[in-house]
Amino acid sequence: MGSVAQKSALILCGDYMEDYEVIVPFFMLQSLGVRVDCASPGKRSGDKCFTAIHDYLGFELYTELQGHFFTLNANYEDETVESYDTLIIPGGRFTEILSADDKVISMVRRFAETGKPLITSCHSQLMLAAAGLLQGKRCTAFTSLKPIIELAGGTWWEQPGVESVLDITACLKDGNLVSSIGWPGHGEYMRVLLESMGAKISRSHMNSVLVVLADYVEDYEVNVPFRALQGLGCKVDAVCPSKKKGESCVTAIQDDEGALVCSEKRGHNFVVNANWSDISVDDYDCLVLPGGRSPELLVINEKVVSLIKEFADRGKIVAAIGQGKWLLAAAGTLKGKRCASSHGMKAIVKVGGGEVVESEGCVRHGNLVTASGWPALPAFLTELTRALGLSVVF
């Protein structure tokens, strides 16, 4: 997908940037053929940044937990604003440090002067204020930024009618400045970002996707497809058989920290946006099964296994990431199928009758799409969009 003249994006990174706010644009843009460079002042390509989980856990203010480790792929000192079609600045506390760095602020200002889209979310609007870019501009952000935006000469805008996290879709564009309240609005955020980069999305019909999850679903494996497909204009419903619309599933961060198996930490809360009782296979083109440990809970639920079988029997797209293949094995949908798998799922794929493919992070065999785990999400999204008949051209 994409034009012959490849588009490019620079993500300005730093320690304790918000996990979702870097990974969703990073993975989604890559899946569409965009070159995405991630750089941080004072760090080199190959260095890691700590990321932060920002979510409400019952207190007056959001809680911050440590997220995944994020590996940089570019050197900040080598970057020039002329080399990129967009600049993305995730939210998080790293912006407090960079907003006081004159060289970084000068770079942000120079990029804004090119007229190319400059994308901010949650707290990174502080960078716009520090660069003097908000005078006469409308801007949204996390609500604590309201007085800062106004002191910097901007006009505060807040999405009306927000009663729950499901209502948050705010993304505002004023000229080449794009601002978002934060990661809950990432579907609209990605749509506006793609539009700002000149993307044209075509489809044969309105696509509908169902995501099935439970507690301790892998953080990236549920959120990235959910938000990316929303950004491409799909209707995406996420359900849990034991929870109602508006209730949360806790996610798990599974990351490589040097042990024989991945570590696990608590991630964001993921709010389901549909009721299990309302689900009909007729209403969807595709079923997505993220991994983590939630498949161990779902695999003993006969209704979930029957749902997977029905999707497969009717020739609809079934897609699974990581341990989501546990569910495919239980539903009998792996028999005779080539299947991307990591070491942890090899035995389960084999006893399920599938052919293990270790050389590829993502494999499509007919209407079955499988990915080894969250590092393969860009390829997984590419195959999903193709399977759904979506085309994105810049």
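## Two domains and the interface between them

The centres of domain 1 and domain 2, taken over C-alpha atoms, lie 28 Å apart. The contact between them draws on 30 residues of domain 1 and 32 residues of domain 2. This is a predicted model. The domain assignment runs domain 1 over residues 8-198 and domain 2 over residues 204-393.

**The record**

UniProt, in an unreviewed entry, places the feature "domain: DJ-1/PfpI" at residues 7-195 and 208-385. The table gives the values computed for each span.

| Span | Distance between end C-alpha atoms | Helix | Strand |
|---|---|---|---|
| Residues 7-195 | 13 Å | 28% | 26% |
| Residues 208-385 | 12 Å | 31% | 29% |

**The interface**

The size of an interface is often given as the accessible area lost when the parts come together. Domain 1 and domain 2 bury about 2,500 Å² between them. Carbon and sulfur atoms carry 67% of that area. Which three residues supply the most of the area that domain 1 buries against domain 2? They are Tyr-20, Phe-27 and His-68, with 27% of that area.

How many salt bridges are counted between domain 1 and domain 2? The count is zero. Polar contacts are found, however: eleven residue pairs make them across the interface of domain 1 and domain 2, with both residues at pLDDT 80 or more.

Several elements build the side of domain 1 that touches domain 2. Helix 1 (19-31), strand 4 (48-55), strand 5 (63-71) and helix 6 (186-196) each supply at least two residues to that side. Helix 1 gives the largest share, eight residues. By type, the residues on this side of domain 1 divide into 17 nonpolar, nine polar and four charged.

**Ser-263**

Now to a single residue. Ser-263 is found in strand 17, which covers residues 263-271. What does the side chain of Ser-263 make a polar contact with? The partner is the side chain of Glu-257, at 2.8 Å. Glu-257 is also one of the residues in contact with Ser-263 once neighbours within four places in sequence are left aside. The others on that list are Ile-253, Gln-254 and Asp-255.

**In brief**

Domain 1 and domain 2 bury about 2,500 Å² between them, with eleven residue pairs in polar contact and zero salt bridges. On the side of domain 1 that touches domain 2, helix 1 supplies the largest share of residues.

Methods
Residues are numbered from 1 along each chain as its sequence is written. This is a predicted model: local features need pLDDT of at least 70, side-chain atom pairs count only at pLDDT 80 or more; totals for chains, interfaces and linings use all residues. Side-chain values use heavy atoms; hydrogens and water are left out. Domain bounds come from an automatic or database domain assignment. Contact means heavy atoms within 4.5 Å. Buried area is the accessible area (1.4 Å probe) that two parts lose on being put together, summed over both. A salt bridge is a side-chain nitrogen of Lys or Arg within 4 Å of a carboxyl oxygen of Asp or Glu. A polar contact is a pair of N or O atoms within 3.5 Å; within protein, one must be able to donate a hydrogen and the other to accept it, and residues adjacent in sequence count only if both atoms are side-chain atoms. Helices (H or I, at least four residues) and strands (E, at least two) are DSSP runs, numbered from the N terminus. Ala, Val, Leu, Ile, Met, Phe, Trp, Tyr, Cys and Pro count as nonpolar, Asp, Glu, Lys and Arg as charged, and the others, Gly among them, as polar. UniProt positions are given in the numbering used here, feature names are shortened, and annotations may be inferred rather than shown by experiment.
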